[in-house]
Amino acid sequence: MQFQEFVEDHVFSPVLIADALRTNKSEIAATLGLGKDAFSRASRIRARKTQVRLRQMLEILNRVEAVTGSTLAAYAWFRGQPLPGFGGATPDLLVRDGKADQVHSYLDRVVAGGYA
């Protein structure tokens with residue numbers, strides 16, 4: 001996964017991301033805890049919160065894709081895999097709560113061969 005594939009007009013494009021994940025913009029917004037109108041206007045798409053959440057999701061998907069074998073499998077993991085030690089929260093819930101760094105720490109521990 002190359003981040004440049006998802007950039008349009010110098011920002012991450014929800015349309016390009018949704019197409020790659022075979023979903024729609026509304027589902028991406030809901031997955032990231034953004035409002036339904038987060039992707040409706042250019043000013044909302046360019047908003048810092050929107051762009052940060054999109055970047056965080058892409059960074060995590062990029063790391064997990066190496067293990068799962070595909071972007072779609074990585075997205076399924078992101079949305080559905082409860083993480084041990086986080087009370088059963090999934091990566092998408094942690095990103096919504098501003099805890100993307102904790103997902104990265106979890107992945108670092110797993111890659112290092114430690115217990116999550």
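## Ground rules

Contact here means heavy atoms within 4.5 Å. Helices (H or I, at least four residues) and strands (E, at least two) are DSSP runs, numbered from the N terminus. Buried means under 20% relative accessible area, exposed means over 50%, and partly exposed covers what lies in between (1.4 Å probe, protein chains only).

This is a predicted model, so local features need pLDDT of at least 70 and side-chain atom pairs count only at pLDDT 80 or more, while totals for chains, interfaces and linings use all residues. Residues are numbered from 1 along each chain as its sequence is written, and side-chain values use heavy atoms, with hydrogens and water left out.

## The nonpolar core

Let's start inside. A nonpolar core is a set of buried Ala, Val, Leu, Ile, Met, Phe, Trp, Tyr and Cys residues joined through side-chain atoms within 4.5 Å. The largest one in this model holds 32 residues, and the members touching the most others are Ile 17, Ile 28, Met 57, Ile 60, Trp 77 and Phe 78. Two or more residues come from each of β2 (11-12), α1 (14-20), α2 (25-31), α4 (48-68), α5 (71-80), α6 (91-96) and α7 (100-111). The top contributor is α4, with six residues.

Ile 28 shows how the core is knitted together. Leaving aside neighbours within four places in sequence, Ile 28 is in contact with Ile 17, Ala 18, Leu 21, Thr 23, Phe 39, Leu 54, Met 57 and Tyr 75. Of these partners, Thr 23 sits in the loop between α1 and α2 and is buried, at 19% relative accessible area. Thr 23 has its own contacts beyond four places in sequence: Ala 18, Ile 28 and Tyr 75. Val 15, over in helix α1, is partly exposed at 42%. Its C-alpha is 9.5 Å from that of Ile 28, with the two positions 13 residues apart in sequence numbering.

## Helix α4

The expected span of a helix is 1.5 Å times one less than its number of residues. For the 21 residues of α4 the expected figure is 30 Å, and the helix comes close by reaching 29 Å from first C-alpha to last. Its buried residues are Thr 50, Gln 51, Arg 53, Leu 54, Gln 56, Met 57, Leu 58, Ile 60, Leu 61, Val 64 and Glu 65. After α4 comes Gly 69, with a positive phi near 95 degrees.

Gln 56 belongs to α4 and counts as buried because its relative accessibility is 15%. Beyond four places in sequence, Gln 56 has contacts with Val 95 and Ala 100.

## Helix α7 and its partners

Now for α7. This helix has twelve residues and spans 17 Å from first C-alpha to last, close to the expected 16 Å. Ala 100, Val 103, His 104, Tyr 106 and Leu 107 are its buried residues. They sit on the same side of α7 because they cover an arc of only 160 degrees around the axis, the arc being that of the directions from the helix axis to the C-beta atoms. As background, an α-helix has 3.6 residues a turn, so residues three or four places apart point the same way. The buried residues of α7 pack against α4, α5 and α6. Just past the helix, Gly 113 has a positive phi of about 90 degrees.

Axes are lines fitted to C-alpha atoms, for helices over the stretch in contact, and angles run from 0 to 180 degrees between N-to-C directions. By that recipe α4 and α7 pack at about 10 degrees with their axes 10 Å apart, and are therefore roughly parallel to each other (under 35 degrees is roughly parallel, over 145 roughly antiparallel, 65 to 115 roughly perpendicular, and the rest oblique). On the α4 side the contact uses Gln 56, Glu 59, Ile 60, Arg 63 and Val 64, and on the α7 side Ala 100, Val 103, His 104, Leu 107, Asp 108 and Val 111.

## Loops

Phe 86 is in the loop between α5 and α6. Its contacts beyond four places in sequence are Leu 94, Gln 102, Tyr 106 and Arg 109. The C-alpha atoms of Phe 86 and Ala 18 are 27 Å apart, with 68 residues of separation along the chain.

Most residues other than glycine have a negative phi. Asp 9, though not a glycine, has a positive phi of about 55 degrees. This residue lies in the loop between β1 (7-8) and β2 and is exposed, at 56% relative accessibility. His 10 lies in the loop between β1 and β2, with a positive phi near 70 degrees, and is exposed at 78%.
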